[in-house]
Each structure stands twice: as structure tokens, then as C-alpha cells.
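Reader: Could you take me through the placing of the side chains in this model, with a close look at the salt bridges? I would like one connected account rather than a list.

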Amino acid sequence: MIYPTRMAVLAAAIGAPVALLVAMLVPGRWYAGLGWPFALLLLVLTDALLGRGRASATLALPPSASIGVPLTVPVGVTIAGAARAKTAQVALAPDPLLAGDDRFDVMLAGGRGEGAIMLTPVRRGTARLDTLWVRWAGPLGLVWRQARIGTGQVLPVLPDVEAIRRQGAQVFQRHAVQGLLAQSDRGDGTDFDALVEFRSGMDRRAIDWKQSARHLKLHAKEYRTERNSQIVFAIDAGRQMSEPVGGIPRVDRAVSAALLTGWVALKLGDRVALHAFDSRPRVASGFIGGSAAFPALQQLAAGIDYSGEETNYTFALTTMAAGLTRRSMIVLFTEFTDPTSADFMVRAVARLLRTHLVLIVVLRDEELETIVARAPATPADVTRAVTAAALLRDRRLVLLRLRHLGVHVIESPYDQVPERLVEGYVDLKRRSLL
């Protein structure tokens with residue numbers, strides 16, 4: 001693509017009054033005023049021919065980026081056949097997940113140059129950096145030559161991983177070390193380890209009466225904590241989870257809590273899977289294990305997008321359960337406001353409870369609680385308070401139904417979800433319910 005520079009436009013604009021002045025002063029030789037436009041046109045064509053070349057560009061993207069952490073992306077530019085070009089301007093296709101300068105200059109030497117663009121991720125998801133525009137001016141500075149270059153690259157934007165690792169290390173030391181690490185877990189758990197002579201202080205329910213009768217002494221079964229439990233994080237990414245709480249969407253808070261708990265679970269030797277859904281399943285992964293698999297969990301979390309669709313619990317949870325071949329712990333992050341959708345969720349969860357352990361995580365609705373607690377000043381405030389109280393009552397009834405079914409429920413303030421979830425996971429693991 002070829003188009004004139006600002007210098008060429010200004011030169012053409014200056015030539016118009018010159019031609020008019022010549023026509024006024026020398027009417028018989030009015031055509032002499034056309035010399036300026038024709039000369040400028042000749043120079044533009046010459047500049048276009050001298051500046052022709054073929055452009056290419058590359059982006060050196062990292063494997064992932066963290067929200068709020070500035071990112072420097074190196075860019076390499078090559079313009080073959082235009083060795084006289086000294087600078088090139090590079091523009092990046094805008095993406096709503098990234099903030100920063102959309103264009104920058106690259107100094108060229110022999111048609112090659114390198115630059116960098118500063119970007120700051122502002123939203124979780126997968127940013128698409130699949131288009132670059134490169135333009136350079138001819139040697140006379142009258143013509144821009146522009147090329148559109150497709151890179152086809154994407155950048156997963158995740159929660160701040162370093163913050164998750166720091167918080168995870170603190171929580172891990174606070175909760176997970178007690179009774180779950182090496183040498184201190186014998187005698188508890190669900191995985192059979194050995195048959196030993198019964199000693200004072202051991203659980204009487206562990207006595208093996210058949211073996212005791214055979215040996216004429218009391219013998220008990222000794223267990224060790226199972227290391228390969230399956231943990232499934234099911235994140236509702238529907239319309240209600242896209243609502244912001246404390247300035248951050250609920251689904252982002254769910255992703256942060258899932259990553260922190262997943263990091264702890266991988267450290268403890270469990271296997272982790274990630275699912276996300278709205279009106280249908282959107283992200284469905286297999287189980288991964290080992291601390292080295294945490295980056296893969298981050299990549300999966302980046303694929304969870306925001307949605308404006310209603311959540312279909314029956315379809316999503318049934319599809320997820322069909323892929324589980326053994327008892328697993330299902331951690332469901334969701335939000336509900338109307339009794340109809342909550343009833344569908346309760347029925348879908350009741351089917352999961354026949355085989356699996358279910359833990360539901362919801363955020364406290366502090367906005368409704370504030371409306372109920374505030375002293376009304378106008379009749380409209382009374383109406384809002386009554387409506388908010390009815391919504392909270394319906395919410396508590398749903399949570400009570402879930403608890404009566406045997407579901408473990410965590411209702412947490414929005415800024416305490418990750419730690420509360422880790423505490424619940426460690427507690428269930430210590431009680432050998434997994």
C-alpha cells in the first residue's frame with residue numbers, strides 16, 4: 001500500500017495558492033502555475049520507486065503474561081530492497097486485554113532493525129497479536145509504503161503467578177505441612193499400608209478381627225494418605241460470574257482461587273483437572289500431576305473467557321461427570337440469584353454426589369447484605385431492603401439444601417476466597433474424605 005506523507009500533502013497544499021497567484025499575475029501564461037504540481041507528482045513517483053521493498057516482522061512473545069505486570073515485547077523488522085530506509089514505524093493491532101502504545105519507531109541499518117513495545121495486560125484471557133503493520137518512507141520523505149503482516153500469535157494473560165506462588169507457599173506451610181507430608185501420614189488416610197499389632201491410641205475401627213482371631217492377638221490395619229486423588233475445578237463462566245465484585249469479575253476470582261489450590265494440590269501429589277462452562281462446556285482438560293505441570297494449568301486457565309450466556313448446569317456437569325472414571329473431588333465455583341437456576345444446580349449436583357465429593361464455592365453478596373443492614377431513609381430504601389432480604393433468604397435456603405444433601409459449601413468474602421478454599425481442601429484431605 002502506497003500513500004503520501006504529511007510532507008507531500010503540505011507541499012501540494014502550498015502549490016495551490018502559488019498556481020493561483022501565477023494565473024492572476026500572468027493570465028496569458030496561467031499554465032506556468034501547473035509546474036509546481038507536476039514537479040511534485042514526479043518527485044512522489046520517484047520516491048515511490050526508490051523506496052519499494054518487501055517487509056517482514058517477528059514478535060518474541062513470552063509463554064504467558066500476568067495481569068498488571070508490564071511486559072516488554074521485542075520486535076524484529078526487516079525491509080528487503082529498501083536499504084536507504086533509516087526508520088520504520090510499527091503498529092500493533094489493538095486488543096482489549098492489553099494496554100500500551102499502539103505504535104513505535106524502529107531504527108534500521110541495512111534494512112534491518114529491532115525495537116520493543118511496552119504492553120500491560122489489564123484483563124485475563126487470550127490476547128491475539130496476530131497482525132502487525134509496518135510502514136517506511138522513501139528517501140525523499142514524500143511517500144509511505146505500508147505492509148500488513150500476519151503473525152498468528154496469541155498471548156495467554158493469567159493472574160499474577162508470582163503472587164499466587166508467594167501466597168501458595170505461605171498457605172502451604174501454614175496448613176499442608178501438618179499431617180500430610182512425608183513420614184507423618186502413616187496410620188491415617190485411605191490407602192492400605194500394612195497390618196500391625198494393635199497398640200494403645202490406635203483407632204478401634206481399624207482392627208481386623210479375622211486376622212486377630214488367626215494370630216490370637218489384636219491386629220489393626222494401618223493406612224497412609226492417598227497421594228493421587230483427583231481434583232476437578234469446575235468454573236461457571238456464565239453471565240452472573242462475569243459480574244464484578246470489588247472491581248474484579250467473579251470468574252477471575254474463581255480462577256485465582258483454583259490456581260492457588262491447584263498449586264497446593266500438585267505439591268501434595270494429587271492430580272488436577274480444569275473445566276469451565278456457561279451454556280455448554282468451554283474448557284475441558286484431562287488430569288495432570290506433579291509440580292512441573294502447573295504451567296499447563298495456567299495455560300488452561302487463560303482459555304476461560306467471559307460470557308453473557310446463562311449457565312446450563314445439567315449439560316455441563318453431566319458431560320464432566322461422564323469423563324470421570326473414579327471418585328473425584330469436584331470444586332464448583334458458581335453464583336446464583338434466582339430459585340429456578342439454583343434448583344437446576346441442586347439437581348445436577350445431587351447426581352454427582354452418588355459417586356463424587358462435591359465442594360461448592362460462592363462469594364458472599366456483600367452488596368445485598370449492605371442494603372439490608374443500612375437504615376432506610378426513604379420509601380425506596382425500604383423497598384430495596386425488602387427485596388434484598390428476600391434474595392438473601394432464597395440464597396440461604398439453596399445453600400442449606402446443598403448442605404443437607406452432603407455438599408461441602410464455602411461462602412467466602414471476595415478477598416479471602418483462595419485461602420478459604422485451600423483450608424477447605426486440606427481439611428477434607430486430612431479427614432480422608434477424598
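Author: Val 26 has a relative accessibility of 38% and therefore counts as partly exposed, since that class lies between the 20% limit for buried and the 50% limit for exposed. The model is a predicted one, and in it Val 26 sits in the loop that lies between helix 1 (6–25) and helix 2 (35–50). Together with Leu 20, Leu 21, Met 24 and Leu 25, Val 26 makes up a nonpolar patch on the surface, whose accessible area comes to about 530 Å².

Leu 332 offers a buried counterpart, for its relative accessible area is 1%. This residue belongs to strand 19 (residues 329–333), and, apart from neighbours within four places in sequence, Leu 332 is in contact with Ala 234, Phe 277, Leu 317, Val 349, Leu 359, Ile 360 and Val 361. In helix 6 (residues 294–302), Phe 294, Leu 297, Gln 298, Ala 301 and Ala 302 are buried; they lie on the same side of helix 6, because the arc they cover around the axis is only 145°.

With that background, we can turn to the charged pairs, for which the count of salt bridges comes to twelve. Arg 401 forms one with Asp 343, where the closest N and O atoms are 3.5 Å apart, and this pair links distant parts of the chain, as Arg 401 is in helix 10 (residues 379–405) while Asp 343 is in helix 8 (residues 339–352), 58 residues apart. Both ends count as partly exposed, Arg 401 with a relative accessible area of 39% and Asp 343 at 22% relative accessibility.

Helix 10 also holds a local pair, in which the side chains of Arg 384 and Asp 381 meet in a salt bridge of 2.4 Å, N to O. These two residues are three apart in helix 10, so about one helical turn separates Arg 384 from Asp 381. Residues three or four places apart in an α-helix point the same way, because there are 3.6 residues a turn. The two ends fall into separate classes, since Arg 384 is partly exposed with a relative accessible area of 44%, whereas Asp 381 counts as buried at 18% relative accessibility.

Elsewhere, salt bridges that share partners join Glu 243, Arg 250, Glu 335, Arg 395 and Glu 411 into one network. Within this network, the side chains of Glu 243 and Arg 250 meet in a salt bridge of 3.7 Å, N to O. Glu 243 is partly exposed, at 37% relative accessibility, while Arg 250 is buried, with a relative accessible area of 4%.

Key: Residues numbered from 1 in each chain as written. Predicted model: local features only at pLDDT ≥ 70, side-chain atom pairs only at ≥ 80, totals over all residues. Heavy atoms only, no water. Patch = residues over 30% accessible without salt bridge, like charges linked within 9 Å, V, L, I, M, F, W, Y side chains within 5 Å. Areas by Shrake-Rupley, 256 points an atom, 1.4 Å probe, with all protein chains shown as cover. Salt bridge = Lys/Arg side-chain N within 4 Å of Asp/Glu carboxyl O. Helix = DSSP H or I, 4+ residues; strand = E, 2+ residues; numbered from the N terminus. Buried < 20%, exposed > 50% of the residue type's maximum accessible area, 1.4 Å probe, protein only. Contact = heavy atoms within 4.5 Å. Arc of directions from axis to C-beta.
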